[in-house]
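Colleague: I've got this one open for the first time. Could you walk me through it?

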Amino acid sequence: MRKMIRGAAALATAAAAVVALGGAAQAKPAGDWAGCPSGAVCIYPQDQNPAVKPTHVFYSYGAHKIYNQYGNHWVLNNQTGGATAALCTGGSGTGCGGRIAAQTGVYANLTPINSVALYRP
């Protein structure tokens with residue numbers, strides 16, 4: 001019986017890890033989220049999981065260059081009013097991937113990323 005309980009616990013832990021590392025984070029209500037102020041887009045240190053304290057905080061719309069960001073990072077869009085964000089391979093907000101909806105986040109490889117673009121709703 002103990003083996004079965006330990007096996008179930010290990011399976012639950014593995015499933016939680018897969019959910020944490022893949023896809024988008026769940027939507028959150030307005031307000032600070034994992035240290036990211038309301039109205040901002042935040043990038044966290046490499047492999048900081050869960051996201052706790054951001055290293056980059058962006059408030060203004062448009063492209064923002066980022067430097068020396070390698071490997072996997074959480075990027076949280078804590079903007080309000082439906083504003084979106086995107087990760088871009090070009091330094092001036094070109095070559096952007098899919099939009100990150102307001103109050104969601106992604107765990108992404110930032111090695112090829114050179115800017116973050118914030119878009120008005």
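Colleague: How far is the backbone oxygen of glycine 31 from a polar atom of the side chain of asparagine 78?

Modeller: Keep in mind that this is a predicted model: local features need pLDDT of at least 70 and side-chain atom pairs count only at pLDDT 80 or more, while totals for chains, interfaces and linings use all residues. Residues are numbered from 1 along each chain as its sequence is written, and side-chain values use heavy atoms, with hydrogens and water left out. A polar contact here is a pair of N or O atoms within 3.5 Å, where one must be able to donate a hydrogen and the other to accept it, and residues adjacent in sequence count only if both atoms are side-chain atoms. For these two atoms the distance is 2.7 Å.

Colleague: Which other backbone oxygen does the side chain of asparagine 78 reach, and at what distance?

Modeller: Asparagine 78 sits in the loop between strand 4 and strand 5; strands (E, at least two residues) and helices (H or I, at least four) are DSSP runs, numbered from the N terminus. Its contacts (heavy atoms within 4.5 Å), leaving aside neighbours within four places in sequence, include Trp33, Cys36, Ser38 and Gln103. The backbone oxygen that its side chain reaches is that of proline 37, at 3.3 Å.

Colleague: Is asparagine 78 buried or exposed?

Modeller: Buried means under 20% relative accessible area, exposed over 50%, and partly exposed in between, using a 1.4 Å probe and protein chains only. Asparagine 78 has 0% relative accessibility, so it counts as buried.

Colleague: How far apart are the C-alpha atoms of alanine 40 and alanine 83?

Modeller: Alanine 40 is in the loop between helix 1 (2-21) and strand 1, and it is buried at a relative accessible area of 0%. Among the residues it touches beyond four places in sequence are Val57, Tyr59, Leu76 and Asn78. Alanine 83 is 43 residues away from alanine 40 along the chain, and their C-alpha atoms are separated by 9.9 Å.

Colleague: What is the strand order in the open sheet of four strands?

Modeller: Strands count as paired if DSSP finds at least two bridges between them. Strand 4 (residues 72-77) and strand 6 run antiparallel and are joined by six bridges, with tryptophan 74 opposite tyrosine 107. The pairing in the sheet is antiparallel, and the order is 2-1-4-6.

Colleague: Which strands are the edge strands?

Modeller: Look for the ones that pair on one side only. Those are strand 2 (56-58) and strand 6 (104-109).

Colleague: Which residues touch the most other members of the largest nonpolar core?

Modeller: A nonpolar core is a set of buried Ala, Val, Leu, Ile, Met, Phe, Trp, Tyr and Cys residues joined through side-chain atoms within 4.5 Å. The largest has 13 residues, and strand 1 (41-43), strand 5 (84-88) and strand 7 (115-119) each supply at least two of them. The residues touching the most other members are Ile43, Val75, Leu87, Leu110 and Val116.

Colleague: Which residues does a cis peptide bond join?

Modeller: Most peptide bonds are trans. Here the cis bond has an omega of about 15°, and its proline lies in the loop between strand 1 and strand 2. The joined residues are asparagine 49 and proline 50.

Colleague: What is the phi of aspartate 47?

Modeller: Most residues other than glycine have a negative phi. Aspartate 47 lies in the loop between strand 1 and strand 2 and is partly exposed at 47% relative accessibility. It is not a glycine, yet its phi is positive, about 60°.
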